[in-house]
Amino acid sequence: MSYFSDIYKGIKTLLTGMSVTGGYFIHARKGALTQEYPDNRETLKMFDRFRGEVVMPHTADNRHRCTGCQSCEIACPNGSIEIIWDRAVDPETGKKKKKIDKHIYHLSMCTMCGLCIEACPTDAIVWAQNFENSVYDRSKLTKILNQPGSSVLDGIED
Amino acid sequence: MTDQQLKNKIKTEEYFINMGPQHPAAHGVLRLILTIDGEIIKNVEPDLGYIHRSIEKMCERDSYQQIVHLTDRMDYLSSHINNVAVCLAVEKGLEIEVSDRVKVIRTIIDELTRIASHCLWWGVMGMDLGALTSYFYAFRDREMINDIFEETCGARLTMNYNVPGGLMFDIHPNFVKRTKDFIAEFKTKIPEYNLLLTDNVIFHKRTKGVGILTREDAISFGVSGPTARGSGFSSDVRKHHPYNAYDRVDFKEILFTEGDTFARYQVRMMELWESISIIEQLIDNIPEGETKAATKAVIKLPKGEFYQRVETARGELGVYINSTGNKNPYRVKFRSPGFSNLSVLNHISKDVKIADLVATMASFDFVIPDIDR
């Protein structure tokens, strides 16, 4: 007897479950769909805080805010940031001042922890929201963040 | 010929079979060496080390701020709770009291993480037992939590939102609204979960009376979390040793006494409601205050040992820090819930079928990087 009641129960619970899926099938409401990523590339906007990669913003006349204090390099847990720096003589005061030559960022090693950006005293580096970082060659993921010929903005001290 | 005569005539012998390290039901690189006789399991020997990244050793190299982001990679489904554990241990050493705002925000995000983790577990539990539908429904709802995390913390899974002394930055202005929207919507989804899977008679037959873990075994093997609470072992760290803002919210500790796979399933499903209730109590009155206590750029803990335990989605996580007064810890040890829970698997899987082992494993909710570290 339990054989038939089991069959009855099985069909009943099957239909109960299918009432949920069937409900979505008939009323394919807005929100029942996920984002169609490659098709919505033009309109897709990531959140402001999204951690895509580290960039160094430059002004129109090729100036950045990095003083070369190396706070980010020390804060980085796995050595993704290397700074090659030099001491240049300031023409006004005659004193030697630290200045960056290359701010090297290894995106391939970065864990997106955000400690470098927290550590930066002058907000020289920020997060960018682009996430399409796949390349064929790993060496392309080593980036020099400061543009060639750029210099630090006046009045930025660490 | 009777069964006994048949048994005497046909000689059977035990043999080994590897379940994993790439088995779809193991959710990661866990290798189980099964000794089986026909389809009956005689012995289960877990073999670890396939995803060992020496996180504890790397912690000895890193500063205290840098340790936090490594714990994201242990139990990646409750990464925020792991971060909080390390931060609380360091704050204990520094004797910092974080502001009420930080405590409340940490609690809300903890519970959101727990819901996200239980959602994913519910999806893959159904999938392990052959019900693929649950997977899609769970991931649809989990996506909303991930959006909340992405907007506030900047990442969806490995958030690293905590620093010793508080939060990395304040919550996003949309955080409260989004969380309320999610809670309102998610409340209508849990009944759907019950219709789809919980009430299903096939699911009952697969889970009821399977993989019974007694309360005594749960205590003696150090099992914690929902797995232990399914056996009636009251082990909720949030209740017994409150941290963050858990002492000011009212919630029940879910206990079931059956100890089988279905009891563990029910504990997690009921915990979803408790997490919702905790968030609802806190979300409307997040107190004002600073989001980060002032700490030195180089944190040096005083000489000594510091221990902090928290309740992750899988059980009790303990963080032990031994400091000699330097900027790096001398030794860091994580007591991960998955490792202790795995140790009982052999004990309760003797003389069951292989398919029942899959059901048991699904209800234990293993995250392999948490076991291996």
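What follows is a tutorial dialogue on reading a predicted model with chains A and B.

Student: Before I trust any detail, how do I read the confidence of chain A?

Tutor: Start with the general caution: where pLDDT is low, the predicted coordinates should not be read in detail. Here, chain A averages a pLDDT of 82, and 93% of its residues score at least 70.

Student: And where in chain A is confidence lowest, and where highest?

Tutor: Strand 7 of chain A, residues 151-152, is at the bottom with a mean of 77. Strand 5 of chain A, residues 126-128, is at the top with 89.

Student: Okay, on to the contact between the chains. How many residues does each chain bring?

Tutor: Count each side separately, then ask which elements supply it. Chain A gives 20 residues and chain B gives 20 residues. On the chain A side, helix 1 (2-26) and helix 3 (115-119) each provide at least two residues. Helix 1 of chain A has the largest share, with seven residues.

Student: What classes of residue make up that side of chain A?

Tutor: It's a mix: eight nonpolar, eight polar and four charged residues face chain B.

Student: A:Arg51 caught my eye. Where does it sit?

Tutor: Look for A:Arg51 in the loop between helix 1 and strand 1 (53-55) of chain A.

Student: Why is A:Arg51 called buried?

Tutor: To judge burial, count the surrounding C-beta atoms; the cut-off is 20 or more within 10 Å. A:Arg51 has 25 other C-beta atoms within 10 Å, so it counts as buried.

Student: Which residues does A:Arg51 touch, sequence neighbours aside?

Tutor: Leaving out residues within four places in sequence, A:Arg51 contacts A:Met112, A:Gly114 and A:Trp127 in its own chain, plus B:Gly154 and B:Ala155 across in chain B. As for A:Gly22, that residue is 29 residues from A:Arg51 in sequence and 38 Å from it in space, C-alpha to C-alpha.

Student: Now the sheet in chain B. What is the strand order, and is the pairing parallel or antiparallel?

Tutor: Read a sheet by its order first, then its edges. This one is an open, antiparallel sheet of three strands in the order 6-7-8. Strand 6 (304-311) and strand 8 (331-335) of chain B are the edges, each pairing on one side only. On average, neighbouring strands are turned by 10° against each other, direction ignored.

Student: How many bridges join the strands of each pair?

Tutor: Eight bridges link strand 6 to strand 7 (residues 316-323) of chain B, and five link strand 7 to strand 8 of chain B. You can follow the register through single residues: B:Phe306 is opposite B:Ile321, and B:Ile321 is in turn opposite B:Val332 in strand 8 of chain B. Elsewhere, B:Val310 faces B:Leu317.

Student: What about the hairpin of strands 6 and 7 of chain B?

Tutor: Check the backbone angles at the turn. Four residues lie between these strands, and B:Gly315 takes a positive phi near 150°.

Student: Which helix packs on this sheet?

Tutor: That's helix 4 (residues 79-94) of chain B, which touches strands 6 and 7 of chain B; its direction makes about 145° with that of strand 6 of chain B. Among the residues B:Ala85 touches are B:Val310 and B:Leu317.

Student: Last one: what does the largest nonpolar core look like?

Tutor: Get its extent, then its best-connected members. It has 98 residues, and B:Ala85, B:Val86, B:Leu112 and B:Phe366 have the most contacts inside it. Helix 5 (residues 100-128) of chain B supplies the largest share, 13 residues. Another core, of 18 residues, lies apart from it and includes A:Cys76 and A:Ile100.

Technical notes. Residues are numbered from 1 along each chain as its sequence is written. Chains are lettered from A and ligands numbered from 1 in the order in which they are written. This is a predicted model: local features need pLDDT of at least 70, side-chain atom pairs count only at pLDDT 80 or more; totals for chains, interfaces and linings use all residues. Two residues are in contact if their C-beta atoms, placed from the backbone, lie within 7 Å. Ala, Val, Leu, Ile, Met, Phe, Trp, Tyr, Cys and Pro count as nonpolar, Asp, Glu, Lys and Arg as charged, and the others, Gly among them, as polar. Two strands pair if DSSP finds at least two bridges between them. Axes are lines fitted to C-alpha atoms, for helices over the stretch in contact, and angles run from 0 to 180 degrees between N-to-C directions. A nonpolar core is a set of buried Ala, Val, Leu, Ile, Met, Phe, Trp, Tyr and Cys residues joined through C-beta atoms within 7 Å. A residue is buried if 20 or more other C-beta atoms lie within 10 Å of its own, exposed if 12 or fewer, and partly exposed in between; C-beta atoms are placed from the backbone. pLDDT is the predictor's confidence in each residue, from 0 to 100.
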